[in-house]
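Please read the following walk through a structure alongside the sequence and the coordinates. The text goes from a helix to the cores, then to a set of strands and the cysteines.

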Amino acid sequence: MEGLNGPQREAVAHVDGPLLVLAGPGSGKTRVITRRVAYLVRAVGIAPWQVLAITFTNKAAGEMRDRVAELLSAGQAKSVLICTFHSLGVRLLRQYGSVLGLKQGFSIYDSSDQQRAMKQALAELEISTKHFPPDRVLGTISQAKNELVDVEAFATGAGDFYSKSVAKLYRRYQEILTRAGALDFDDLLLKSVELIRHPQTAEAIKQRFAYVLIDEYQDTNRAQFILAHGLAAGQGNICATGDPDQSIYRWRGADIRNILQFQDHYPLAKVVRLEENYRSTKKILAVADVLIQNNTQRKPKRLFTENEAGEPVEVVLCADEKQEAKVVTEQLSAWRTQAGLTYGDMAVFYRVNSLSRVMEDSLRTAGIPYQIARGTAFYDRKEIKDALAYLRAVANPADSINLARIINTPARGISDTTLKGLQLAALTGRRSLYDLMQRLGDVPGLNARAAAAVGKFAQQLESWRQLLGGLATEEVRLREFVEKVLKESGLEDFYRQDKTDQDQERLLNLGELISAVQQFEQEQLPELAEEAAGNAGADAARGLEWKLQRYLEQVSLVSDVDAVDPGLGSVTLMTLHAAKGLEFAGVAIIGLEEGLLPHSQSNQSPAEIEEERRLCFVGITRARRLLTLTHTRYRTIFGQTQPTIPSRFLRELPEENLKEVDRSEEHGWEAGGFANSTFTYGGKKDSQGQGQSAPRKSKGEYEVGTLVRHPMFGLGRVTSVSASGGNTRVQVHFNSGSTKNLILEFAKLEKVSL
DNA sequence: CCACATTTAATTTTT
DNA sequence: TTAAATGTGG
């Protein structure tokens with residue numbers, strides 16, 4: 001209880017029955033959770049393994065684990081389960097999944113795997129991807145899954161053409177995943193809920209935890225809600241903490257009603273409010289508070305702090321994103337030299353990832369160390385994905401979607417046509433690709449050369465599998481196995497031919513992957529093995545296969561922020577979404593412009609604007625001492641330079657706490673010179689006479705009806721001319737009968753004069 | 001069958 | 001601007 005204020009103590013000392021902690025930013029929420037865990041174990045005498053704490057990211061889980069470890073003995077701390085919803089799902093499914101017909105080595109699909117599966121579903125059902133873009137269909141399905149709407153329920157509720165088509169796709173998609181022994185992210189939750197409702201497993205799961213704590217409760221979706229309440233159903237000791245003003249994942253199915261209606265679910269729930277902020281200066285907090293009061297759909301709440309008033313929040317107007325990056329870079333450097341902050345204690349936030357590039361360039365030139373919170377970036381690289389696909393192919397041969405990815409990477413003489421043939425045979429025979437490859441006699445119309453290539457690869461796969469399930473597996477290191485697969489697959493040699501720098505880098509990345517495997521094996525596997533030994537089913541294989549499965553699971557669940565290491569002493573760059581739950585002494589938020597924040601994709605409804613405002617609120621409240629907000633006059637997005645409108649949120653901030661600076665006119669960034677060169681290109685502004693600049697003229701030469709010649713397509717006639725991102729796009733109907741869209745500046749088009 | 005060249009499309013946020 | 005899809009020549 002040491003060092004806690006009244007409401008915090010109240011929350012910590014609450015033992016039995018539901019508890020809701022409404023915690024404003026910086027109010028010591030994490031502290032309350034960790035202390036409460038310690039209190040339950042040490043003061044009340046609850047067995048540590050009966051306590052479950054659920055966080056939003058693995059990183060948050062790790063931090064909480066560290067903090068709990070400071071309050072308990074090492075043995076006790078280890079026994080408390082602290083993880084994310086998704087990793088909890090994996091644990092439950094690993095242990096009980098067999099009742100749902102799930103195998104041990106199930107694959108976890110990321111969005112690109114999902115995309116492949118969906119494309120296959122579309123192809124099999126002969127539905128056009130034009131009308132049904134895979135992303136969009138997957139989005140609809142994801143939404144359904146988050147609301148626990150399964151295939152049957154979705155089909156029943158489908159009325160219009162779109163829904164009916166999606167229903168078909170949903171069914172086929174799920175069949176493909178099931179056949180592949182795969183689950184997507186949403187399935188991890190959905191299937192966990194199935195377990196909690198399954199007669200064979202419900203009791204065991206409900207009795208397993210006596211105390212359940214859920215952090216960031218405002219961002220839970222329906223599936224997570226049911227899961228959380230199911231887990232706590234045994235003894236009814238559920239504790240939810242969160243802040244409705246920080247709900248920023250509505251688009252991911254988060255239902256803010258979960259927190260707003262907690263008391264309706266549990267009329268006897270104790271409610272504790274934490275409103276004193278220990279993080280930010282008075283001015284920063286005031287800015288955040290005034291901003292968020294513009295939201296109408298919220299419960300009123302007053303934030304206050306005893307901290308010093310601090311510096312005003314700087315709002316800087318820049319000419320364009322390059323200057324913006326420069327201004328922020330100088331600011332960070334000044335914070336270090338003048339305010340005594342370290343780079344590790346500073347961050348730059350932005351609404352969309354694409355804004356990071358200019359910022360990176362600027363920091364790199366200035367020699368300021370930085371890290372980007374994109375934990376997935378490493379695993380997003382082609383070579384890493386390929387490498388992991390090989391490992392997954394060995395761990396789960398039934399996963400045909402995965403196998404198709406690497407069957408001819410690197411090239412080994414298996415063409416698209418051959419693959420299509422195999423897939424068709426697999427579909428009609430209801431067998432996996434792997435299965436089929438082991439018995440090629442069943443595939444019709446396969447030429448000898450292709451058959452030989454496939455056969456060879458099948459043999460290769462089988463040999464790895466033998467190794468995995470072999471007898472002496474206890475002795476084989478995971479690292480050695482991965483090295484072997486990378487060598488024998490030819491992946492390493494493929495990049496070793498080092499034709500380009502890129503190939504060189506890819507080779508290095510493969511090396512890095514091997515180090516990562518080794519690190520996992522040394523640091524995390526022993527703990528997992530220890531834990532597994534304690535569980536029932538200790539006789540389960542602890543061999544190579546088991547190790548590989550654990551590794552692949554871990555890799556699937558890494559999140560963007562997980563990679564952030566504050567000890568590195570570098571500035572952190574991340575999206576506003578990723579910033580949730582973190583804090584820094586100095587924060588810069590860039591791109592406060594209409595269309596960016598609030599984002600143009602979400603200005604349809606007031607509810608969406610309010611979510612964007614909460615996002616802005618989250619960003620502001622991450623700052624402890626210094627905060628800078630920037631916006632620009634012109635911004636180039638996707639090659640198109642456009643004038644911007646300052647974010648409406650800027651206008652909502654209290655002027656008395658701001659210091660507004662206009663640096664857009666500084667030498668080298670004058671709007672005049674700027675507009676003359678790049679800007680008129682876009683053709684948006686024509687205050688400069690009739691805009692008769694050079695590109696316009698070249699555009700003028702080509703009009704509808706102009707006769708042209710193309711080196712490839714021959715003679716043709718222009719059918720339309722339009723501006724496109726600073727370039728001119730022409731549509732030409734060629735005499736050959738084809739119509740092509742060409743960019744005038746790039747296409748080798750010449751005018752034919754009569 | 002494969003490597004390379006050309007063309008086209010796409011940019012919200014993520015476990 | 002870049003990654004992915006498509007087309008082309010060896």
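Contact here means heavy atoms within 4.5 Å of each other. The model is predicted.

Helix α23 is a convenient place to start. It covers residues 448-469, 22 residues in total, and spans 31 Å between its first and last C-alpha, close to the 32 Å expected at 1.5 Å a residue. An α-helix has 3.6 residues a turn, so residues three or four places apart point the same way. The buried residues of α23 are Ala-450, Ala-453, Val-454, Phe-457, Ala-458, Leu-461, Trp-464 and Leu-468. Viewed down the helix axis, the buried residues of α23 lie within an arc of 130°, so they line one face of the helix. Ala-448, Arg-449, Lys-456, Gln-459 and Gln-466, on the other side of α23, are exposed. What do the buried residues of α23 pack against? Their partners are α19, α20 (400-406), α21 (416-429), α22 (433-438), α24 (478-488) and α27 (544-556).

Phe-457 of α23 also belongs to the largest nonpolar core, which has 53 residues. Together with Leu-388, Leu-403, Phe-481 and Tyr-551, Phe-457 touches the most other members of that core. Helix α19, residues 382-395, contributes the most to this core, giving nine residues. Phe-481 shows what such a position looks like: beyond residues up to four places away in sequence, Phe-481 touches Leu-391, Val-394, Trp-464, Leu-467, Leu-468, Leu-544 and Leu-548. A second core, separate from that one, has 42 residues, among them Phe-106, Leu-183, Leu-190 and Ala-223. In soluble globular proteins, nonpolar side chains tend to be buried together.

The strands come next. In strand β7 (residues 238-242), five of the five residues are buried, so the strand is largely enclosed by the rest of the structure. Burial applies to both faces of β7, with Ile-238, Ala-240 and Gly-242 on one side and Cys-239 and Thr-241 on the other. Strand β7 pairs in the parallel sense with β1 over four bridges, and with β6 (residues 211-214), also in the parallel sense, over three. Within these pairings, Val-21 has Thr-241 as its bridge partner, while Ile-214 stands opposite Ala-240.

Leu-19 lies in β1, which runs over residues 19-23, and is buried at 0% relative accessibility. Among the contacts of Leu-19 outside its neighbours within four places in sequence are Ile-238, Cys-239 and Ala-240. Lys-270 is another contact of Leu-19; the two are 251 residues apart in sequence, yet their C-alpha atoms are 4.8 Å apart.

Leu-626, in strand β16 (residues 623-632), is also buried, with a relative accessibility of 11%. Leaving aside neighbours within four places in sequence, its contacts include Ile-284, Glu-311, Trp-335, Ala-585 and Val-587.

Last, the cysteines. How many disulfides does the structure hold? The number is zero. Cys-239 is in no disulfide, and the nearest cysteine sulfur, that of Cys-83, is 16 Å away. Cys-239 is buried, with 2% relative accessible area. The sulfur of Cys-318 is 16 Å from the closest cysteine sulfur, which is in Cys-616, and so too far for a bond. Cys-318 counts as buried at 0% relative accessibility.

Technical notes:
Residues numbered from 1 in each chain as written. Chains lettered and ligands numbered in written order. Predicted model: local features only at pLDDT ≥ 70, side-chain atom pairs only at ≥ 80, totals over all residues. Heavy atoms only, no water. Core = buried A, V, L, I, M, F, W, Y, C linked by side-chain atoms within 4.5 Å. Buried < 20%, exposed > 50% of the residue type's maximum accessible area, 1.4 Å probe, protein only. Helix = DSSP H or I, 4+ residues; strand = E, 2+ residues; numbered from the N terminus. Disulfide = S-S within 2.5 Å. Expected span 1.5 Å × (residues − 1). Arc of directions from axis to C-beta. Pairing = 2+ DSSP bridges.
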